[in-house]
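User: Please go through this entry with me, one question at a time, and show the reasoning behind each answer.

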Amino acid sequence: MLRTLNDINPEGKRVLIRCDFNVPLKEGEIADDTRIKKALPTINELLEKGASVILMSHLGRPGGEKKAEFSLRPVSERLGELLEKDVKFCQQNAGPEASRMAQDLKRGEILLLENLRFNPGEKENDPVFAGELASLADCLVQDAFGTIHREHASMTGVPEHIPAYAGRLLEKEIKYLTRGLKPEEPLCVCLGGAKIETKIGVIENMLGKAASLLIGGGMCYTLLKADGRETGKSLLDNGYLQTAGNILAKAKDKDVELLLPVDHVAADSIDNPVKVIKTGGADVPEDLMGVDISERTIDNFRKKILSAKTIVLNGPMGVFENERFASGTKAVLEAVVEATKKGALSIAGGGDTVSAIKALGFKEEDFTHVSTGGGASLKFLEGKTLPGIRVLQD
Ligand code: AMP
C-alpha cells in the first residue's frame, strides 16, 4: 500500500517536499513552467492543512558543483507568482543556513532550497547528505516522478530517516500508469522515438499484456532489419538486432499482434532533405532513411488504436520536429484522442511525446493522462517496482 497525503496530519509540521522543478531555461528565464504548475496541488494542500513547507529539487546537470546557471532562484520567483505568496530561497541545499531558515519557518510559510545536485551527495545517495536534508523537517512528501527510478539522497536516502509519503502528483502518475500495467482489455501499446534501448524493457513486459503492439519511429528499423527488410540509411542499432529478432519470435509465440510499418516516408537527410518519397512498401531504398510512417501504416495503427480500451503511447512515429515528417505522429495522436473521446483510457508519456502533443496542437486534456516523467514512465511500464516508490510502501 502506498502511503499518501491521506495518511498524515501535517498541521503544525514542517514538511519537506521533493518536487520536480527541472524546468527548461533559456538565458536564465524559465522557458516552460508546466512542472512548477504541476507541483501546486500538493504544496497548496499541505499549506491549507497548516504545514510549513520546505521544497527541494534538482535542476539540470551541474555535476555536483555550484553553478549559477543551474540555480533554482528563478523557480522560487515563478513559484511565488503562481502561489501569490512569498517563497523564501536558501542559497544552500543543506547545512547551517538551511537549518536556520527551516527552523524559522512559521505555519503556512514556504522555503525553497538551492539545487540538490550542487552537492555530489545527492546523486551518490550519500547517507550524511540524506540525513542533513531529513533533519530539516518532520516528514517527506515525494512528488518528483521524473526521478522516481533513481536511488538519490532525496529519493531513497531521506526516507531512511523520516516518514515518507507520496504527494498528489506522484499518486496520480502511479494510479494511471498502473492502469497501463493492469489494463482494461484490449490494450494497445504504441511505441516510437529514436532510442530502442530505452523501450526494449517495455516491449518485453508488454508482450505478456498487450493485444497489439505498434512500433514506429526510428526504433522500428532495428526490428524491420531483424525481420529481413531493407532499411537503407535509417536509424539502426546493431547491438539490439538479436534482441529484436527474439522479440519478433516471442510475439508470434504469444499470439500478440506486433505491427511494424508497412510503408514509410523516406528522405536523403533529416536536417536538409532534398529527396523525400513515399516508399509504398516496407523496404526503405538503400540511399534513403525512414523518417515517418506513411498512409497504409497509419491506417493499420489507427484501426488498432480505435479498437482498444486502454492505450499506452510513448515516443513519436517520425521526426515530428520537421513538419514534413510529422504526419504519422499527428495521425496517431489524433486516433488516440478519438479513442479517448469514445471512452478508452489513454496514457501518453515520454518527454518527446509531450513535446509532440504541444507542437502538433493537441492539449493534455485530450488524453486521460500525460505522464510528466520520460525515463521514469518507461521504467514503470517495464513492470519494475521503482526505488523511490518502494520506500513509500507499507
Ligand atoms: P526518444 O528520445 O527515443 O523518444 O526519441 C525521440 C526522437 O526520435 C525525436 O526527436 C524524433 O525526431 C526522433 N525520431 C522519430 N522517428 C525517427 C526516425 N525515423 N529517424 C530518426 N529519428 C526519429
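**Ligand site, core and backbone**

User: How many residues of the shell around the ligand are nonpolar, polar and charged?
Analyst: The classes are set by residue type: Ala, Val, Leu, Ile, Met, Phe, Trp, Tyr, Cys and Pro count as nonpolar, Asp, Glu, Lys and Arg as charged, and the others, Gly among them, as polar. On that basis the shell around the ligand divides into six nonpolar, five polar and four charged residues.

User: What kind of model do these values come from?
Analyst: Residues are numbered from 1 along each chain as its sequence is written, and side-chain values use heavy atoms, with hydrogens and water left out. Local features need pLDDT of at least 70 and side-chain atom pairs count only at pLDDT 80 or more, while totals for chains, interfaces and linings use all residues, since this is a predicted model.

User: Which residue has a polar side-chain atom 2.5 Å from an oxygen atom of the ligand?
Analyst: Polar contacts here are pairs of N or O atoms within 3.5 Å. A polar backbone atom of Lys195 is 2.8 Å from a ligand oxygen, and a side-chain N or O atom of Asp352 is 3.4 Å from a ligand oxygen. The side-chain contact at 2.5 Å belongs to Glu321.

User: How much of the area that the ligand exposes when taken alone does the protein bury?
Analyst: Accessible areas come from the Shrake-Rupley method with a 1.4 Å probe. Taken alone, the ligand exposes 510 Å², and the share of this that the protein buries is 85%.

User: Why does the largest nonpolar core lie between two domains, and which are they?
Analyst: A nonpolar core joins buried (under 20% relative accessible area, 1.4 Å probe, protein chains only) Ala, Val, Leu, Ile, Met, Phe, Trp, Tyr and Cys residues through side-chain atoms within 4.5 Å. The largest one has 70 residues, and Leu16, Ile54, Leu113, Leu133, Met206 and Leu213 touch the most other members. Its largest share, five residues, comes from helix 7 (residues 168-181), helices being DSSP runs of H or I with at least four residues. The core lies between two domains because both give residues to it, namely domain 1 (5-170) and domain 2 (183-381).

User: Which peptide bond is cis?
Analyst: Most peptide bonds are trans. Pro186 is found in the loop between helix 7 and strand 9 (187-191), where a strand is a DSSP run of E with at least two residues. With omega near 0 degrees, the cis bond runs from Glu185 to Pro186.

User: Is Glu84 buried or exposed?
Analyst: Glu84 sits in the loop between helix 2 (73-83) and strand 5, and its phi is near 55 degrees, a positive value in a residue other than glycine. Exposed means over 50% relative accessible area, and with 71% Glu84 is exposed.

Conventions:
A polar contact is a pair of N or O atoms within 3.5 Å; within protein, one must be able to donate a hydrogen and the other to accept it, and residues adjacent in sequence count only if both atoms are side-chain atoms. Domain bounds come from an automatic or database domain assignment.
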